[in-house]
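Please open the model in your viewer and keep the selection panel at hand. The tour below moves from one selection to the next and says what is found at each stop.

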Amino acid sequence: MAKRGQRFMKVLFAGMLLTLTVALSGCSGDKAAGDSTQIADTSAAGSSGASTVANEETNASPEGTKETGGASETEDGASHITIGIPQDLDSLVPSLSQGAGTQEILFNIYEGLYKPDSEGNLVPAVASGYTMSEDGLVYTFTLRDGILFHNGNPVTVEDVVYSIETCAGLNGGEPVISAFSNIERVEAPDSQTVVITLKESSNPFMAILSTVEAAIVPADVDDLQTNPVGTGPYKFVSRSLQENVVLERFDAYWGEPAHIKDITLKVLADSDAIVMNLEGGAVDLVARVSTAQAAELSSDFEVLEGTMNLVQAMYLNNAVAPFDNEKVRQALCYAVNKQEILDFVSEGKGTLVGSSMFPAFGKYYVEELNDLYPTDIEKAKALLSEAGYADGFSFTMKVPSNYQQHIDTAQVVAEQLKQINVTANIELIEWETWLSDVYQGRDFEATLVGVDASTLTAGAMLSRFRSDAHNNFVNFSNAEYDAAYQEALAAEAVMNDAKATEAYKKCETILARTAANVYIQDMCELVAVRKGYTGYTFYPLYIQDFSKLEVK
């Protein structure tokens, strides 16, 4: 690194000790998003008070296991793995789950009519195929023959109709998935066919239908929060709140069976204890470790590298002073050196982003927006002066306490902002507090997290910034943006993909031009895996597919 970078490092380490304010400790962090993007909903688990049967030996391997080349294998030849997760699940009900960390787990338990594969393609799951009418309004699905729920009961058209109607709000209540408000009716003309009729044609409908929220569940099970029943390669065994979740291979699975029989998902609330848990044998795999944590691991582990497929940013409450001033927001963008953040936090790994879109979205991603705000301290100071903040100001940046990459990034950002006389006081808070105060209550000035999407559709990332969006937690309000978003929806309704793409790119440009947030990067994903296990597969979405893991 250049001398300037070395000097910055020294200043940074000293500054960290002075500026880091720890408000709450423990708990778990995760990337966030909303609507078709993902974010946790505390009404799902936090307010239910539901608790399932706890595994009394939470830190122990299943009885009768033996160590084979670092991997755990039972006496009868079946295998086991313990996987560290950064937070407990916000809900075991797929239609209520919104946290990315929850949905990547439920992906293994539940399935929709279709689901994404590791290339981002939509492939048949509960359905074996579908047809669409010429006007794009009617989708006719054929159910897969012989597919079973985890309780041994066959999946019926009644189950499918119930599941889709629940998501669409057609059997009472509001739509669980807002895009499903476009569903006019769901019918079952025979025992193998389900017909979904839309009010307006929708280009991304199949992608939305393939999310975890739209999973098919049994119509006769009303306690999914304590007794989740799906059709996926793994079935639920038990849960000990804030400790672990235990899964078991579903041997009657319709597709390619999972390789590993038993999985324990161990909640690692303290990010500082990740390496200790790995090296001590308490866990065998942890996704999204930091570069510093990866460097501490012994030769007993492999570190795999991919991308997180999210937009990490310092998200600003646009309704709160001074961030209700566009010039102030732009000043912060000019003051933050994104490449310096990557160099410090992840040794240069990661991809710079300039708006609410990341490279995996392909045609929607506008790379040139990354260069809209080159680091320019003098310009940043001038903008602050024009906005009436010539002497700078102070604000609080709330950051989930157990996601080390977000904490590290926040610390670098805080140091960089000192160059324009702006003081960012970092407040580490528990994930549940972040959800209730920041996301739901919108009680914050700034926060540093990552936002992702459950589908590779532009609407999944951009819908949350509409002025009237229920999940617009940054309070972004821009009439030009709203009009561009409606233009995209109108183009999708008539299957004009080119026009829709152009409109979505306009939305991204408006977010960048008005500095809605301080956009930073799509983070590098490092996965620590104990040697003896193989098959970990990166997806272009926020997914962990346990079925592909196996013992060498």
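Begin with a space inside the protein: the second largest cavity holds about 150 Å³, in a model that is predicted. To find this cavity, select Phe 107, Ser 210, Thr 211, Val 212 and Ile 543, which lie nearest its centre among the 17 residues that line it. Helix 2 (100-106) and strand 5 (114-116) are the elements that give two or more residues to this lining. If you colour the lining of the second largest cavity by residue class, you should count eight nonpolar, six polar and three charged residues.

Next, turn to the largest cavity, which has a volume of about 180 Å³. Of the 16 residues that line the largest cavity, Pro 86, Ile 274, Val 286, Ala 287 and Arg 288 are those nearest its centre, and they make a convenient selection. Now show strand 4 (79-85), strand 14 (285-289) and helix 10 (404-417), each of which supplies at least two residues of this lining; strand 14 gives the most, with three residues. By class, the lining of the largest cavity divides into seven nonpolar, seven polar and two charged residues. A search of the whole structure finds six cavities of 30 Å³ or more.

From the cavities, move to the packed nonpolar side chains. In soluble globular proteins, nonpolar side chains tend to be buried together. Here the largest nonpolar core has 67 residues, and the ones to select are Leu 113, Phe 180 and Ile 196, which have the most contacts inside it. Helix 3 (residues 157-168) contributes the largest share of this core, with six residues. Stay on Leu 113 and display its surroundings: leaving aside residues up to four places away in sequence, Leu 113 touches Pro 124, Ala 125, Val 126, Ala 127, Phe 141, Val 160, Ile 196, Leu 209 and Ile 216. Apart from the largest core lies another core, of 39 residues, which you can locate by selecting Ala 380, Leu 384, Ala 387 and Leu 428, all of them among its members.

Finish with two cysteines. Are Cys 167 and Cys 524 buried or exposed? Cys 167 counts as buried because its relative accessibility is 2%, under the 20% cut-off. Cys 524, at 9% relative accessibility, counts as buried too. As a last check, a search for disulfide bonds should come back empty, since the structure holds zero disulfides.

Conventions
Residues numbered from 1 in each chain as written. Predicted model: local features only at pLDDT ≥ 70, side-chain atom pairs only at ≥ 80, totals over all residues. Heavy atoms only, no water. Disulfide = S-S within 2.5 Å. Buried < 20%, exposed > 50% of the residue type's maximum accessible area, 1.4 Å probe, protein only. Core = buried A, V, L, I, M, F, W, Y, C linked by side-chain atoms within 4.5 Å. Helix = DSSP H or I, 4+ residues; strand = E, 2+ residues; numbered from the N terminus. Contact = heavy atoms within 4.5 Å. 1 Å grid on protein atoms, 1.4 Å probe; cavity = no way out; pocket = protein on both sides within 12 Å on 5 of 7 lines; lining within 4 Å. Points joined across faces, edges and corners; volume = space filled by probe spheres on them. Nonpolar A, V, L, I, M, F, W, Y, C, P; charged D, E, K, R; others polar.
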